[in-house]
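This report covers salt bridges, cysteines and the ligand site of one protein. The sequence and structure come first.

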Amino acid sequence: MTVEIAKTAGFCFGVKRAVDTVYAEIEKEKARAAEGGAPCPIYTFGPIIHNDEVVEDLRGKGVEPIGLEDLDRVPPGRVIIRSHGVDRRTMEELRSRGFEVIDATCPFVSKIHQTVREASENGEFVIVIGDPEHAEVLGITGWVNGPYTVVQNEDDIRKLSVSEDAKVCIVSQTTFNFEKFHFLVEQLKKISYYSRAVNTICNATQSRQSEARELAARADVMIVIGGKHSSNTQKLYEICKNECSRTYFVQTVKDLSTEDLPFGGVVGITAGASTPINIIEEVGNLCLS
Ligand code: SF4
């Protein structure tokens, strides 16, 4: 049996940057304490990534994930914004409540915030292609200064009421499926003559999706590793399942049984953006054992 791990599996640039920021803050806090400085709690705004192991490791080091609902309960401290970003109001609320905001929003997401803010200030109707419930999309729409909507399929587009001479700016959730984005943009362009689409799907996602598709197409068994709440992992799973019927979605090596593995052939492994390298290696080692 051959085990092939996709080169693009695991942490992307933005997630690595956010996780590294938290560990760097922990080190700074230790240094401050060693010098006798007053302790300053460290929080992340929501779990820093969709990975329970990492979140628990951070909790063990004193880093608590919090939300707006916790601000009355916890003492002010430093709060790290995860790579998904947040809406403008949340930033303002945290600062006005005495929290120091450390912004680890992925620069690609911050760029979308800037795009939609400027588009709405120029009078454009903003359409975000993505999951309306996803934290990144909620963050993006929170920077729009005018009318907007979120669509994720043709049905949503059919229900839209945008006048055909409206100026429209279309952006995407960074982790949206590349082909679906192009298809939906074509549909949206039929509605308004003045649509412009900004492809804000991140390269990390595109490369991970293309590599996963290519690997799944020639694999006998495909394993997709990631958190059950991770939308980019769910999309990877969909893509792989289309190419390889024996595709398994696992969170850790514990979810995989050797009975799921073939006796020969190719086992492909890919992983979502929030999956640490040690979890990928553990799965790879089980396949080889
Ligand atoms: Fe940034 Fe792309 Fe990673 Fe999202 S997937 S955090 S946009 S690098």
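## Lysine 167 and its surroundings

The model is predicted. K167 has a relative accessibility of 44%, so this lysine counts as partly exposed, the range for that class running from 20% to 50%. The residue belongs to strand 8, which covers residues 167-172.

Across space, K167 has E124 as a partner for comparison: their C-alpha atoms are 4.9 Å apart, although 43 residues separate the two in sequence. E124 itself is buried, because its relative accessible area is 9%, under the 20% limit.

## A salt bridge between distant segments

E124 also takes part in a salt bridge, with R196 as the other member, and the closest N and O atoms of this pair are 2.7 Å apart. E124 sits in the loop between helix 4 (107-121) and strand 6 (125-129), while R196 is in strand 9 (residues 194-197), so the bridge ties together parts that are 72 residues apart in sequence.

How buried or exposed are the two ends? E124 is buried at 9%, whereas R196 is partly exposed, with a relative accessible area of 36%.

## Salt bridges within helices

How many salt bridges does a search of the whole structure find? The search returns 18. One of them joins D20 to K16, with 2.8 Å between the closest N and O atoms. Both residues lie in helix 1 (residues 13-34), and because they are 4 residues apart there, about one helical turn separates them. D20 is partly exposed at 36% relative accessibility, and K16 is partly exposed at 44%.

A salt bridge in helix 8 (residues 203-218) joins R218 and E214. The closest N and O atoms of that pair are 2.7 Å apart. R218 and E214 are 4 residues apart in the helix, which means a separation of about one helical turn. R218 has a relative accessible area of 38% and is partly exposed; E214, at 42% relative accessibility, is partly exposed.

Salt bridges also link several residues into a network, whose members are E25, K28, E29, R32 and R78.

## Cysteines

The structure holds 0 disulfides. C244 is in no disulfide: the nearest cysteine sulfur belongs to C240 and is 7.9 Å away, whereas a disulfide requires two cysteine sulfur atoms within 2.5 Å. That distance therefore does not meet the cut-off.

C244 is buried, with a relative accessible area of 4%. C40 counts as buried as well, because its relative accessibility is 19% and the class holds values under 20%.

## The ligand site

Which residues are around the ligand? They are C12, G14, S83, C106, F108, T174, C202 and T205. Three of these positions, C12, C106 and C202, are cysteines, and the structure holds 0 disulfides.

By residue class, the shell around the ligand divides into 4 nonpolar and 4 polar residues, with no charged ones. Cysteine counts as nonpolar in this division, and glycine as polar, so C12, C106, C202 and F108 make up the nonpolar group. The polar group is G14, S83, T174 and T205. The space that the ligand takes is the largest pocket.

Definitions and conventions
Residues are numbered from 1 along each chain as its sequence is written. This is a predicted model: local features need pLDDT of at least 70, side-chain atom pairs count only at pLDDT 80 or more; totals for chains, interfaces and linings use all residues. Side-chain values use heavy atoms; hydrogens and water are left out. A residue is near a molecule or strand if one of its heavy atoms lies within 4 Å of it. On a 1 Å grid over the protein atoms alone, a cavity is a set of points where a 1.4 Å probe fits but cannot get out, and a pocket is an open set with protein on both sides within 12 Å along at least five of seven lines; lining residues have an atom within 4 Å of a point. A molecule sits in a cavity or pocket if more than half of its atoms lie within 2 Å of its grid points. Buried means under 20% relative accessible area, exposed over 50%, partly exposed in between (1.4 Å probe, protein chains only). A salt bridge is a side-chain nitrogen of Lys or Arg within 4 Å of a carboxyl oxygen of Asp or Glu. Helices (H or I, at least four residues) and strands (E, at least two) are DSSP runs, numbered from the N terminus.
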